[in-house]
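User: I am new to this structure and would like to learn how to read a few of its features. Can we go through them one at a time?

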Amino acid sequence: MRAIDLARTAVANTFRSKLRTTLTVLALFVGAFTLTITTALGAGVSNYIETQVNSFAADDVLLVQAATDLTAAAESDGPAEWDPETSTSSSSQAGGAPLAGAHAEPLTDDDLDAIAAIDGISGIDPVRSISTDWVSTDSSAKFEFSVNPQSAVTVADLEAGTQLNQTSDTFEVVLPNDYLDALDFASADDAVGTDITIGMTDITGETHEITAEVVGVSRSSLFASGAGANNALVTELARLRTAGIEGADENSVIAIAYLESGLSDEQITQVTSDLDDAGFSAQTIEDQLGIVTTVIAGITGVLNAFAIVALIAAAFGIVNTLLMSVQERTREIGLMKAMGMGSSRIFALFSLEAVTIGVIGSLIGVGAAMLVGSGLSTALAAGPLADLEGLSLFLFEPASLIGVVLLISAIAFVSGALPASRAARQRPIESLRYE
């Protein structure tokens with residue numbers, strides 16, 4: 001019997017007992033559906049997190065702050081007494097600091113020089129503490145407004161316009177899209193190229209107004225809060241904050257260290273080690289968000305475990321289905337052997353029947369999961385998850401879908417090995433006499 005004829009016979013034999021085969025296919029369907037949905041959920045959330053991280057910072061920077069004594073903090077019986085000589089302010093910098101931990105000492109000019117002197121670092125920019133009060137246009141009211149002082153390392157997820165020009169002397173802003181209606185812009189494209197007025201109050205209580213050009217409109221992000229501003233505008237806001245106070249402290253708690261181009265992962269690790277030896281702590285954005293991806297992977301793994309349990313249960317169904325088929329077709333097997341069909345062909349025939357059941361169950365499960373997942377993604381994106389722009393909760397990747405089908409087909413083949421082996425070992429004479 002040719003291979004093509006063997007395959008056709010296997011497919012036809014699969015449905016000789018329709019009820020038994022259907023129940024086995026349904027068991028595989030449950031496992032395939034669950035595995036596809038959970039895999040797509042993990043891929044969708046991970047892709048959204050990765051997109052947000054990529055839009056938050058370039059991959060050639062480190063965020064550096066003075067090292068903190070976490071051990072001493074852990075051993076403390078309570079909060080330390082305020083000492084004006086040694087204690088530091090607890091106020092955060094606008095935009096939030098990605099580095100976690102205890103309060104760090106401000107970075108002095110000597111600290112910045114020491115960081116810049118580390119091999120592998122091409123430049124250093126302090127993240128100055130800035131604050132803004134409101135924003136408006138000629139036709140709108142004033143609305144609360146904040147600027148992200150780490151805009152030098154952000155890559156905005158643009159809805160319209162262009163990225164910030166960090167070398168320009170013109171004050172530039174990337175405006176979050178939730179300000180469009182408030183500032184009387186008809187659309188994101190309508191906002192690009194217009195001027196907005198930013199109001200701020202310095203540390204003496206005097207109000208300042210700065211005019212900046214909107215060069216882009218960004219979608220909302222989990223990790224980059226506030227509007228984007230180029231270096232010229234951030235520097236001006238930091239200067240105005242301490243205007244009128246001679247010798248006011250402008251030192252920052254965090255600095256952006258730019259890495260030399262072409263550094264390998266091992267060289268970047270060495271740079272962070274050198275910074276640690278010099279009394280500084282440095283992290284990439286990926287370092288900070290590692291726990292997020294770990295939690296996502298853990299949750300997806302647990303959900304996938306339930307799918308595997310369902311597939312194992314289905315595997316026993318395949319064994320039962322084919323064992324019953326072998327018993328019912330004992331005389332048929334004897335006849336095929338008597339006509340010259342070898343044991344290997346018999347084994348292949350029943351193995352193909354098992355794989356056919358696996359392919360059918362997996363394809364139906366994957367197809368149903370795609371329909372349900374796509375519908376849920378659309379409904380949730382328009383409802384509860386509307387604020388998370390760009391999130392596709394279920395991401396069906398072709399490689400994952402093919403992997404699910406191949407995995408279930410492999411499980412079906414292994415499950416069918418015992419019945420197929422039993423059929424291949426049948427003796428022709430005894431099989432023909434079987435009642």
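Analyst: The turns below cover a sheet, a buried residue and a surface patch, in a model that is predicted.

User: In what order do the strands of the open sheet stand?

Analyst: A sheet is read strand by strand across its pairings. Here four strands form an open sheet in the order β2-β11-β1-β12, with antiparallel pairing. β2 (121-127) and β12 (280-283) are the edge strands; each has a single partner, so one side of each lacks a neighbour in the sheet. On average, neighbouring strands are turned by 30° against each other, direction ignored.

User: How many bridges join β1 to β11?

Analyst: Strand β1 (residues 61-66) and strand β11 (residues 254-259) run antiparallel and are joined by five bridges. Leucine 63 faces isoleucine 256 of β11. Helix α4 (residues 109-116) packs on this sheet and touches β1, β2, β11 and β12; the direction of α4 makes about 155° with that of β2.

User: Is alanine 232 buried or exposed?

Analyst: Burial is judged by relative accessible area, and the cut-off for buried is under 20%. Alanine 232 counts as buried because its relative accessibility is 18%. This residue lies in helix α6 (residues 231-241). Beyond its sequence neighbours up to four places away, alanine 232 touches Ser168, Asp169, Thr170 and Phe171.

User: Which residues form the nonpolar patch on the surface?

Analyst: The patch consists of Ile308, Ile312, Phe316 and Leu407, which together have about 370 Å² of accessible area. Helix α8 (residues 285-328) contributes the most, with three residues. Phenylalanine 316, found in helix α8, counts as exposed because its relative accessibility is 61%.

Key. Residues are numbered from 1 along each chain as its sequence is written. This is a predicted model: local features need pLDDT of at least 70, side-chain atom pairs count only at pLDDT 80 or more; totals for chains, interfaces and linings use all residues. Side-chain values use heavy atoms; hydrogens and water are left out. Helices (H or I, at least four residues) and strands (E, at least two) are DSSP runs, numbered from the N terminus. Buried means under 20% relative accessible area, exposed over 50%, partly exposed in between (1.4 Å probe, protein chains only). Contact means heavy atoms within 4.5 Å. Patches are made of residues with over 30% relative accessible area and no salt bridge: like charges are joined within 9 Å, nonpolar side chains (Val, Leu, Ile, Met, Phe, Trp, Tyr) within 5 Å. Accessible areas come from the Shrake-Rupley method with a 1.4 Å probe; for residues, only the protein chains shown count as cover. A salt bridge is a side-chain nitrogen of Lys or Arg within 4 Å of a carboxyl oxygen of Asp or Glu. Two strands pair if DSSP finds at least two bridges between them. Axes are lines fitted to C-alpha atoms, for helices over the stretch in contact, and angles run from 0 to 180 degrees between N-to-C directions.
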